[in-house]
Amino acid sequence: MEKTARLIIDGKTYELQVVEGSEGERAIDISSLRKETGLITLDPGYANTGCCKSSITFMDGEKGILRYRGIPVEQLAEKATFKETAYLLIHGKLPNTKELKRYSMLLNDHSLVHEDMKAFYTKFPRASHPMGILSAMVNALRSFYPELNNQTEEEEIMITMTRLMAKIRTMAAMSYKISRGHKVIYPRPDLSYCENFLNMMFDTPVMPYKINSLEVNALRVFWILHADHEQNCSTSSVRMVGSARVNLYAAISAGIAALWGPLHGGANQAVIEMLTMIHDSGGGYKKAIEKAKDKNDPFRLMGFGHRVYKTYDPRAKIMKKMCDGLLESLHISDPLLDIAKELENQARKDPYFIDHNLYPNVDFYAGIVLRAIGIPTNMFTVMFAIGRLPGWIAQWKESIYDPNWKISRPRQIYTGPVKRDYVAITERG
Ligand code: CMC
């Protein structure tokens, strides 16, 4: 294999190093391109740009492979807990019994949220989207938990990472309870990470929540499937904002804001809204397919397509299977599942979707799983955010310890007016 690539510009040849990853992925290192040639590369949406070397997550979009720290996501979804998966992503290895015990203890110790934060939640207008609230409140954590003076930088980072993992589920459930005008339920030390969240969401003083192992398992799998996805929009946002050496809370808050978008994490809510629209209009999924294909219509089939996967998203395969099993076990008949399956069948037979390699992504069946657990639609993307948190933290940590770290600062090709003079207002046409 060639170790260099040759680039000819204005008759002059430049040699650029070819970098190879552990799974054989190759890239041309252009870090000295501008210095040597005066040129930059142009790559809208960074579709061909690697922004870092990373040892966290491997994806192969052609083969439909996803591995965290080398372990296939299918194995983790079958055997691991979400807590173990988070530890694996953040610390690079599965925890042993002692490490897991200590991690569980720390997550429990940090799971409460400063009581004064409750006042903030109550002041958001009732119609506020929970993602806007979560992004704001995670950013606000820095004010409630300022830098500790008597800790080393490493200890400070460890505490902040654990604090975030511990508090995010409390904060999300708190936001839901307060939005409903209900009493906030506190975390319990005897419950697992997933059980605790469901209990904080659904327990009430008049109707105690009964832990349902099917729901707990569905949430575990849902969160594991969302735990990391290498350099996607929200993760890149965390890395980019973090590259200015801002605190972790602010970087994660930026990631949450990016995830909110309907082309990214917001798609799980958008899928359910689309399926509901199809259902309410009499089940006409064909119209949705025709609209998605129409170049003059901005409508897209939500939960379909992916920047990297050009085959079935491996997460969607697991999610679809789990969705079927969960609904059957809970004896739920959701008309949206029938519509989703029919929509998938029709789309996958359609030449447009075949030619464009458009398959269901993780969000397509995710909303139906969340509905079955009882999560309200406007909280779906918050569920994605809780699941993605370990990935964001791991990527942020990797970037701040990267010896080649640089502040993120892309360039541009300017296409505006060339130099012209200021014109006094009385002389403007
Ligand atoms: N419905 C109809 N056409 C589509 C769709 C879709 N869902 N997705 C892509 N296309 C078409 C697009 O119109 C374009 O066609 P053409 O080349 O003829 O102009 C072509 O496929 C390539 O699209 P693109 O926008 O250049 O692809 P991208 O890699 O920039 O976008 C995407 C990826 C996920 C934003 C896009 O597929 C999309 O908008 N999907 C719907 C939203 C969605 O489900 N998002 C969740 C993504 S997975 C969870 C996550 O990681 O956030």
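## Close-up views of a predicted model

**Figure 1. Strands β4 and β5 form a hairpin.** Strands β4 and β5 are joined by four bridges and pair in the antiparallel sense. In this predicted model, four residues lie between the two strands of the hairpin. G64, which belongs to the turn, has a positive phi of about 70°. One residue pair illustrates the pairing: F58 has R67 of β5 as its bridge partner. Strands of a sheet pair through backbone hydrogen bonds, in either a parallel or an antiparallel manner.

**Figure 2. The side chains of β4 point in two directions.** T57 and M59 point one way from the strand, whereas F58 and D60 point the other way. In a regular strand, side chains alternate between the two faces of the sheet. Are these four residues of β4 buried or exposed? T57, F58, M59 and D60 are all buried.

**Figure 3. Strands β4, β5 and β6 make up an open sheet.** The three strands follow the order β4-β5-β6, and their pairing is antiparallel. Strand β5 spans residues 65-68 and is linked to β6 by two bridges in the antiparallel sense. Within this pair, Y68 stands opposite I71 of β6. Which strands stand at the edges of the sheet? They are β4 (57-60) and β6 (71-72). Each of these has a single partner strand, so one side of each is left without a neighbour in the sheet.

**Figure 4. E23 lies in a loop and touches residues of the hairpin of β4 and β5.** The loop that holds E23 runs between β2 and β3 (26-28). With a relative accessible area of 44%, E23 is partly exposed. Which residues does E23 contact, apart from its neighbours within four places in sequence? They are F58 and R67. These two residues are also bridge partners, with R67 located in β5. Although E23 and F58 are 35 residues apart along the chain, their C-alpha atoms are separated by 8.2 Å.

**Figure 5. Strands β1 and β2 form a second hairpin in this set of views.** Strand β1 (residues 4-9) and strand β2 (residues 12-20) run antiparallel and are joined by six bridges. L7 stands opposite Y14, a residue of β2. Two residues lie between the strands of this hairpin. D10 adopts a positive phi near 50°.

**Figure 6. Q395 is a buried residue of helix α18.** This helix comprises residues 380-400. Why is Q395 classed as buried? Its relative accessible area is 0%, and the term buried applies to values under 20%. Leaving aside neighbours within four places in sequence, Q395 is in contact with S54, I56, D228, E230, Q231, T235 and R239.

**Figure 7. K183 is an exposed loop residue.** The loop containing K183 connects α7 (153-179) and α8 (193-202). K183 has a relative accessibility of 53% and counts as exposed, a term used for values over 50%. Apart from neighbours within four places in sequence, K183 is in contact with K177 and P205. In relation to H110, K183 is 73 residues away in sequence. The distance between K183 and H110 in space is 21 Å, taken from C-alpha to C-alpha.

**Figure 8. N199 is buried in helix α8.** The relative accessible area of N199 is 1%. Which residues does N199 touch, when those up to four places away in sequence are not counted? These are I185, R188, L191 and Y209.

**Figure 9. The whole chain provides the setting for the close-up views.** The chain contains 18 helices and six strands. Its radius of gyration is 24 Å, close to the 22 Å given by the globule rule for 429 residues, so the chain is as compact as a globular protein of that length. Along the principal axes, the C-alpha trace spans about 80 × 65 × 65 Å. Of the 429 residues, 48% are buried. Among contacts with a separation of 6 or more, 72% involve residues 24 or more positions apart. The chain exposes about 22,700 Å², of which carbon and sulfur atoms supply 53%. The chain carries 55 positive and 48 negative charges, and the mean positions of the two groups are 2 Å apart.

Terms used:
Residues are numbered from 1 along each chain as its sequence is written. Side-chain values use heavy atoms; hydrogens and water are left out. The radius of gyration is taken over C-alpha atoms; the globule rule is 2.2 Å times the number of residues to the power 0.38. Buried means under 20% relative accessible area, exposed over 50%, partly exposed in between (1.4 Å probe, protein chains only). Contact means heavy atoms within 4.5 Å. Accessible areas come from the Shrake-Rupley method with a 1.4 Å probe; for residues, only the protein chains shown count as cover. Lys and Arg count as positive and Asp and Glu as negative; His and the chain ends are not counted. The place of a charge is taken as NZ of Lys, CZ of Arg, CG of Asp or CD of Glu. Two strands pair if DSSP finds at least two bridges between them.
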